[in-house]
Amino acid sequence: MNFQIFDAFKSRLHDSNSKVNQVALETMHKMIPLLKDNLSPVINMLIPAMVDNNLNSKNPGIYAAATNVIQALCQYLDNHLLLQPFCTKAQFLNGKAKQDMTEKLA
């Protein structure tokens, strides 16, 4: 897997331009079923970028895209790959994002 691609893509997942941010999340949602467990080398880098700020976003499009990404991760990736990054996020997030991550863990 090319880490340089995901290093560049990661910054788009929390871009200050909400349209760029939303398209990046929607693109990630489309990539997850294609890459599945091949995302394992970069999952610890991507989950914070996908979750931080996006699950607490007041922008309904960004929030919906972020929840779709989390759902796709749960559907297409082996749960053991998600356990540690989800636990870490649930521990340190606040508000709706903390609730969403805690529900996914349960």
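Let's start with one pair: the side chains of Asn54 and Asn21 are joined by a polar contact of 3.1 Å. Polar contact here means a pair of N or O atoms within 3.5 Å; within protein, one must be able to donate a hydrogen and the other to accept it, and residues adjacent in sequence count only if both atoms are side-chain atoms.

A word on the source. This is a predicted model, where local features need pLDDT of at least 70, side-chain atom pairs count only at pLDDT 80 or more, and totals for chains, interfaces and linings use all residues. Residues are numbered from 1 along each chain as its sequence is written, and side-chain values use heavy atoms, with hydrogens and water left out.

Back to Asn54. Where is Asn54 placed? Asn54 sits in the loop between helix H3 (43-51) and helix H4 (60-76). Helices are DSSP runs of H or I, at least four residues, numbered from the N terminus. Asn54 is buried, at 2% relative accessibility. Buried means under 20% relative accessible area, exposed over 50%, partly exposed in between (1.4 Å probe, protein chains only).

A polar atom of the Asn54 side chain also lies 2.9 Å from the backbone oxygen of Met50. Beyond its neighbours within four places in sequence, Asn54 is in contact (heavy atoms within 4.5 Å) with several residues, among them Leu13, Leu25, Ile62 and Tyr63.

Now the cysteines. How many disulfides does a search of the whole structure find? Zero. A disulfide is a pair of cysteine sulfur atoms within 2.5 Å. For Cys74, the nearest cysteine sulfur is that of Cys87, 12 Å away. Cys74 is partly exposed, at 25% relative accessible area. Cys87 is partly exposed too, at 32%.

Key:
Helix = DSSP H or I, 4+ residues; strand = E, 2+ residues; numbered from the N terminus.
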